[in-house]
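Biologist: I am new to this structure and would like a close look at a single part of it. Please take one stretch, go through it slowly, and explain each term as it comes up.

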Amino acid sequence: MRKPFLTAQWRYLAMLNFEVDPAVLAPLVPKGTLLDAEGGRHYISLVGFLFLDTHIFGFPAFFHESFEEVNLRFYVRRELAEESRRGVVFIREIVSRPLVAGTAKLTYNEPYTTTPTQHTLVRTADELQSVEYLFGRSDRLCRLTLHCDGSPVALPAVSHEEFIAERAWGFTRQRDGGTIEYAVDHPRWNVWRNARWELGGPLGDFYQEPFSSILSGAPASAFVAEGSAVAVHLPQRIA
């Protein structure tokens, strides 16, 4: 595969997952892909993580190497004769860096928006205890916090966590109605399963209905992925 567009470290991915009616997602599915389900159940995920050591075409992204991202996504697949490409579609991506948002919009047409972000990690020498991501203005903060116990485990095969986390492709609808896909390379992540969750704040500031109401309910699952080095490739238009 050609040299990746972007390389970075994605770390401490807090994944809060909500079951949704597929009818909610159907209008957002990019052409050429299908909604992906786990045992007939469909999900959206609110994901907060650290974007570290970012390089573009091998060069450091000066002053933009490290930042938080919080995204809302759902799950699709593209069926080819030789393989099924399991991927994600983003509903909203939040960062604090306008240049990051602008580059992603220009290159991928991704739905980025900018607002201040913060994070807090609480850990002992050996164990992660909690990870928290904040986004929004100081008087209108949203907070995503997951609490962990013990050490992470290898991502279990044929598991709910694998369905959510093991996604090698991104798909994005384009302004003309077409679709681009891009590969995302990383090893399988270790995870802290069954995390205890907190989510609060004016979510309606960032997410339209019905998503703000869905996020105000109880999630189906919560876990934290340890993360790793990643490589994001340039997009290709699909037929």
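Modeller: Let me begin with H160, which counts as buried because its relative accessibility is 18%, where buried means under 20% relative accessible area, exposed means over 50%, and partly exposed lies in between (1.4 Å probe, protein chains only). This is a predicted model, in which local features need pLDDT of at least 70 and side-chain atom pairs count only at pLDDT 80 or more, while totals for chains, interfaces and linings use all residues. Residues are numbered from 1 along each chain as its sequence is written, and side-chain values use heavy atoms, with hydrogens and water left out.

H160 is found in helix 3, residues 160–165; helices (H or I, at least four residues) and strands (E, at least two) are DSSP runs numbered from the N terminus. Leaving aside residues up to four places away in sequence, H160 touches N17, E38, Y43 and S221, a contact being heavy atoms within 4.5 Å.

One of these partners, Y43, leads to the part I would look at closely, strand 3, which covers residues 42–56 and is mostly covered itself, with 12 of its 15 residues buried. Strand 3 runs antiparallel to strand 1 (residues 6–20), to which 12 bridges join it, and two strands pair if DSSP finds at least two bridges between them. In this pairing A14 stands opposite G48 of strand 3. Strand 5 (residues 67–79) is also antiparallel to strand 3 and is joined to it by eight bridges, with I44 standing opposite F74 of strand 5. As background, in a regular strand the side chains alternate between the two faces of the sheet.

At residue I56, strand 3 has F59 in strand 4 as a bridge partner, and two bridges join strand 3 to the antiparallel strand 4, residues 59–60. These two strands form a hairpin with two residues between them, and F57 in the turn has a positive phi of about 50 degrees. F57 counts as partly exposed because its relative accessibility is 35%. Together with F59 and L234, F57 forms a nonpolar patch on the surface, with about 290 Å² of accessible area for the three together. Such patches are made of residues with over 30% relative accessible area and no salt bridge (a side-chain nitrogen of Lys or Arg within 4 Å of a carboxyl oxygen of Asp or Glu), joining like charges within 9 Å and nonpolar side chains (Val, Leu, Ile, Met, Phe, Trp, Tyr) within 5 Å; accessible areas come from the Shrake-Rupley method with a 1.4 Å probe, and for residues only the protein chains shown count as cover.
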